[in-house]
Amino acid sequence: MSLAVIGMIAGMALGFAGYFGGFGAFLLVAALGAIGFVVGRFLEGDLDVSDFFRSRDDRRR
């Protein structure tokens, strides 16, 4: 099991533990699962922080 999947499961578990029931809980679990997935991909090395932060000189016109 990859770190991304483990991070997603951990985020979903925290969402269930933090708030359970209704549409708000669905959104909370989805958001925490997505955050956990991104953190897991970052820890695996598949994602680079510099992809998100580029200087203005590097952008294409």
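Does leucine 3 count as buried, partly exposed or exposed, and what is its relative accessibility? Leucine 3 counts as partly exposed, because its relative accessibility is 43%. The legends below start with the whole chain and then zoom in; keep in mind that this is a predicted model.

**View 1. The whole protein, with two helices and zero strands.** The chain has 61 residues, and 15% of them count as buried. Its accessible surface comes to about 5100 Å². Carbon and sulfur atoms account for 65% of that surface.

**View 2. Leucine 3 in helix H1.** Here's the residue from the opening question, which sits in H1. With 43% relative accessibility, leucine 3 falls between the 20% limit for buried and the 50% limit for exposed, so the label is partly exposed. Leucine 3 is also one of the residues that make up the nonpolar surface patch.

**View 3. Helix H1 and its buried face.** H1 runs over residues 3–18. If you allow 1.5 Å a residue, the 16 residues of H1 should span 22 Å, and the end C-alpha atoms are indeed 22 Å apart. The buried residues of this helix are Ala4, Gly7, Gly11 and Gly15. Looking down the axis of H1, you'd find these buried residues within an arc of 80°, so they line one face of the helix.

**View 4. Valine 29, a buried residue of helix H2.** Valine 29 has a relative accessible area of 9%, which is under the 20% cut-off, so this residue counts as buried. Leaving aside residues up to four places away in sequence, valine 29 touches Met12, Gly15 and Phe16. Take methionine 12: it is 17 residues from valine 29 in sequence, yet their C-alpha atoms are 5.0 Å apart in space. Gly15, another of these contacts, turns up among the buried residues of H1 as well.

**View 5. Alanine 31 and isoleucine 35, two further residues of helix H2.** Alanine 31 is partly exposed, with a relative accessible area of 39%. Between its C-alpha atom and that of methionine 8 there are 9.8 Å, with the two residues 23 apart along the chain. Isoleucine 35 counts as exposed because its relative accessibility, 51%, is over the 50% cut-off. Isoleucine 35 and glycine 11 are 24 residues apart in sequence, and 7.0 Å separate their C-alpha atoms. Glycine 11 itself is one of the buried residues of H1.

**View 6. A nonpolar surface patch of about 1200 Å².** The residues that make this patch are Met1, Leu3, Ile6, Ile9, Ile35, Val39, Phe42, Leu43, Val49, Phe52 and Phe53. Helix H1 (3–18) and helix H2 (22–44) each chip in at least two residues. H2 gives the most, with four residues. You've already met two of the patch members in the earlier views, namely Leu3 and Ile35.

Notes: Residues are numbered from 1 along each chain as its sequence is written. This is a predicted model: local features need pLDDT of at least 70, side-chain atom pairs count only at pLDDT 80 or more; totals for chains, interfaces and linings use all residues. Side-chain values use heavy atoms; hydrogens and water are left out. Buried means under 20% relative accessible area, exposed over 50%, partly exposed in between (1.4 Å probe, protein chains only). Accessible areas come from the Shrake-Rupley method with a 1.4 Å probe; for residues, only the protein chains shown count as cover. Patches are made of residues with over 30% relative accessible area and no salt bridge: like charges are joined within 9 Å, nonpolar side chains (Val, Leu, Ile, Met, Phe, Trp, Tyr) within 5 Å. A salt bridge is a side-chain nitrogen of Lys or Arg within 4 Å of a carboxyl oxygen of Asp or Glu. The expected span of a helix is 1.5 Å times one less than its number of residues. The arc is that of the directions from the helix axis to the C-beta atoms. Contact means heavy atoms within 4.5 Å.
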